[in-house]
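Here is a chain to read through by question and answer. Please look at the sequence and the model before going on.

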Amino acid sequence: MNNEEKWEKYRNLLREIPQISCNIKIMQDRGIDTLPLEHKLEIKQGELMKMSRECRHSNSSSNKESGLLIVVSAPSGTGKTTICKKMMEIIPDLRFSVSYTTRTPRQGEEHGKDYYFIDEAEFRRKVTEGEFAEWAENYGHLYGTSFVEVKRLLDNKIDILLDVDPRGAKSLKEKYPDGIFVFVLPPSIDVLEARLRGRGSEKDDMLRMRLNKAMDEMREALWYDYVIVNERIEDSLDALRSIYIAEKCKRKQVPRLLQAVLKNRR
Ligand code: ADP
Ligand code: 5GP
């Protein structure tokens, strides 16, 4: 059996047990016997583990057509939530990837729309079970991106927008090298502070913490694909929309575009 055949067989086997996803370690932790899988594949335990890991964290877009993954990062208070929300309104085909967090909801935030608000025990369980594509601690709270959700959307060719901090963005870049990484900067530190204060969501000590972290985070802007300075919200939205449109027209999208054109041929 060559490697490609082995993969095909592996994927077929996993379709038989979709409810358990494809993490061999989790299956074993839950007392599920993975020996039949090994036997059917005629491979050793170590190789099965490796395939399971690769399968869970593989970026399907490099092998087959997938949705676009757009990651937006910015120091807290810059305006990235505002920009992302408006972007979702003007590009209906784009889906927001809802993260999990242990922080409490701000006024107006909804469970399942802005975040999945869960407690720390549940978050830690998800970490242990390998449910996150990435996760990080920010200002004393935990934040994570659901691996299964991202994979499901991308595999269904749905473009997704993620709002994650630079650490999370860096892990995502390793797993999704075809992703588009956008950093939003505030016009100045004074403006950033004014926006944070204006939002009124943080007490003074938390506000200081967010401002201090902003300095470190801004240095990360250097490795992103695009940088937007959020002066006027309309201009920032224009910039993000232009990035999205340009990426949709990239050469690597040609097979998809051609397919769509030729499909309608009589
Ligand atoms: P982030 O998600 O980056 O933490 P928010 O989107 O919550 O930031 O924005 C922080 C505050 O700044 C909010 O009160 C928002 O209304 C305001 N804001 C965002 N963008 C702008 C802008 N371009 N000009 C003025 N105020 C803005
Ligand atoms: P906030 O509490 O202001 O909504 O978010 C705080 C920080 O957490 C922001 O920098 C935001 O981008 C980041 N964040 C939100 N969701 C995620 C996530 O799923 N993963 C990571 N690593 N960071 C996230």
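The turns below take up two sheets, a helix pair and a pocket.

This is a predicted model, in which local features need pLDDT of at least 70 and side-chain atom pairs pLDDT 80 or more, while totals for chains, interfaces and linings use all residues. Residues are numbered from 1 along each chain as its sequence is written, chains are lettered from A and ligands numbered from 1 in the order written, and side-chain values use heavy atoms, without hydrogens and water.

User: Which strands stand at the edges of the sheet of four strands?

Analyst: Strands here are DSSP runs of E with at least two residues, helices are runs of H or I with at least four, and both are numbered from the N terminus. Two strands pair if DSSP finds at least two bridges between them. The open sheet has the order β4-β3-β6-β5, with mixed pairing. One side of each edge strand is left without a neighbour, because each has a single partner strand, and these strands are β4 (115-117) and β5.

User: Which residue in β6 does Y100 stand opposite?

Analyst: Strand β3 covers residues 99-101 and pairs with β6 in the antiparallel sense over two bridges. The residue opposite Y100 is G144.

User: In the sheet of five strands, what is the bridge partner of L185 in β9?

Analyst: This open sheet has the order β2-β7-β1-β8-β9, with parallel pairing. Its edge strands are β2 (95-96) and β9 (226-229). Four bridges join β8 (residues 180-185) to β9, and the partner of L185 is V229.

User: At what angle does α7 run to β7?

Analyst: Angles run from 0 to 180 degrees between N-to-C directions, with axes fitted to C-alpha atoms, for helices over the stretch in contact; contact means heavy atoms within 4.5 Å. Helix α7 (residues 147-155) lies across β5 and β6, at about 30 degrees to β6. α7 also lies across β1 (69-73), β2 and β7 (160-163), and its angle to β7 is about 155 degrees.

User: How many residues of the contact of α9 with α10 are charged?

Analyst: The axes of α9 and α10 come within 11 Å and cross at roughly 145 degrees. Residues that meet include L192 and R197 in α9 and L207 and M218 in α10. Ala, Val, Leu, Ile, Met, Phe, Trp, Tyr, Cys and Pro count as nonpolar, Asp, Glu, Lys and Arg as charged, and the others, Gly among them, as polar. The contact has eight nonpolar residues, no polar ones, and a charged count of six.

User: Which element gives the largest share of the lining of the largest pocket?

Analyst: A pocket is an open set of 1 Å grid points, over the protein atoms alone, where a 1.4 Å probe fits, with protein on both sides within 12 Å along at least five of seven lines; lining residues have an atom within 4 Å of a point. Of the 36 lining residues, the closest to the centre are T81, R103, R106, Y115 and D163. By class, the lining has eight nonpolar, 14 polar and 14 charged residues. The largest share, six residues, comes from α5.
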